[in-house]
Amino acid sequence: MKRILSILLAILFSGISVVAQQRPPAISSPDVHKDHSITFRFFSRNAKKVTVSGEFLKAPVAMIKDTSGIWSVTVPPVKPDIYPYSFMVDSVSIADPNNTYIFANERFKRSIVDVPGDQPLVHSLQNVPHGKISYRYYKSGTLSTTRQLLVYTPPGFNPNGKTKYPVLYLIHGGSDTEETWTKVGRANLIADNLIAQGKAKPMLIVMPYGNVRPAPMADFTKDMVNDIVPFVEANYPVIKESKGRAVAGFSVGGGQTLNIGLTNPDKFAYVCSYAPYTATEEFKANFANWSPNAEQMNKQLKLFTVSVGTDDFLYEPVKQNIAMFTEKKINVKPLIVPGGHTWMNCKLYLADTLPQLFK
């Protein structure tokens, strides 16, 4: 009997040992060090090649595998900011499976690494009063469906109070989602910090979902004007005049911003376009033969800005659009900075915009 029990125990512990050997080891990735260098790790016994790519690297960097199947690499110190990155495992690009901080996007799968500064950055979580992000649903008559948007309300917001707040309608990039401005752009924390410093006025920030496919993309302009703005104004204590409305957006959202704001200057007194993508039928229809009443529009628009980075792939067409607006005698305020078509620049653009709104 004892012999049988010994055999059974041996089999049991042998099975546990096999399971333990098959289970991936617990690893930490990414690890940001005090000198701003970063260590990345990935587990795979069978992969032949693993690299890490990120917008803080000029080219993919090879990772090295140890005897336990853990691939790792430490990259040199990185300028403090928030960066997307991914792993290439043989020929497949994947997000970091050990990082829960995922880039909100419908096309690519990337993770996010936050490299904090020695002093708090404008997008950092700081010891200041914080606003609230709410997920809301609205009925879109334009699109005959119910859609989601996010609403940031500032610190101290009272939905039943007497204060009427201005609203920034903030649009994401082409394959991003309504969550990208908070999860990657940290619009809520930027607003918290600037409001706490007295640099920005308390405001609502409404972040809608800009993709309306399979409907024509131009229908988003109609959705914004006919459905989103009325929903916000029916449900929040906000200023219901153009002086209390701003529209801004990045990339495809930057192009949508121009289409929405410049065709409705009586509704939006602040129009801020970030690296706008304008190679669309809607933009061509609106602006190819545009003959605006410049004097009237310049009175209606309290602020019109167009921002872009010198390494942005849209730099030249954006410069051409700025020149076109200038030729039409529309008062446009360019912001030209270093950098590319990145969310690092997006945060910079937004931080530049918020203090200029609703003054």
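The following legends describe close-up views of a predicted model.

**View 1. An open sheet of eight strands with mixed pairing.** The strands follow the order S10-S11-S13-S12-S14-S15-S16-S17. Strand S10 (132–140) and strand S17 (333–337) form the edges; each has a single partner strand, so one side of each lacks a neighbour in the sheet. On average, neighbouring strands of this sheet are turned by 20° against each other, direction ignored.

**View 2. The pairing of strands S15 and S16 within the eight-stranded sheet.** Strand S15 (residues 270–274) and strand S16 (residues 303–309) run parallel and are joined by five bridges. One bridge pairs Ser273 with Val306 of S16.

**View 3. Helices H4 and H8 packed on the sheet.** Helix H4 (residues 219–235) touches S10, strand S11 (145–153), strand S12 (167–171), strand S13 (204–208) and strand S14 (245–250). The direction of H4 makes about 120° with that of S10. Helix H8 (residues 315–327) is in contact with S16 and S17, and the direction of H8 makes about 155° with that of S16.

**View 4. Strand S9 and its antiparallel pairing with strand S7.** Four of the five residues of strand S9 (residues 111–115) are buried, so this strand is largely enclosed by the rest of the structure. Strand S7 (residues 81–89) pairs with S9 over five bridges in the antiparallel sense. At one of these positions, Tyr85 has Ser111 of S9 as its bridge partner.

**View 5. The packing of helix H3 against helix H9.** Helix H3 (residues 187–196) and helix H9 (residues 343–353) meet at an angle of about 35°, and their axes lie 10 Å apart. The crossing of H3 past H9 is right-handed. Ala187, Ile190 and Leu194 of H3 meet Lys347, Leu350 and Ala351 of H9. Classified by residue type, this contact of H3 with H9 comprises five nonpolar, no polar and one charged residues.

**View 6. The surroundings of Cys272 and Cys346, neither of which takes part in a disulfide.** The count of disulfides in the model is zero. A disulfide requires two cysteine sulfur atoms within 2.5 Å. The cysteine sulfur closest to that of Cys272 belongs to Cys346 and is 13 Å away, which is too far for a bond. Cys272 is buried, with a relative accessible area of 1%. Cys346 likewise counts as buried, because its relative accessibility is 0%.

Technical notes. Residues numbered from 1 in each chain as written. Predicted model: local features only at pLDDT ≥ 70, side-chain atom pairs only at ≥ 80, totals over all residues. Heavy atoms only, no water. Pairing = 2+ DSSP bridges. Helix = DSSP H or I, 4+ residues; strand = E, 2+ residues; numbered from the N terminus. Axes fitted to C-alpha atoms, helices over the stretch in contact; angles between N-to-C directions. Contact = heavy atoms within 4.5 Å. Buried < 20%, exposed > 50% of the residue type's maximum accessible area, 1.4 Å probe, protein only. Left-handed = near helix turned anticlockwise from the far one by under 90°. Nonpolar A, V, L, I, M, F, W, Y, C, P; charged D, E, K, R; others polar.
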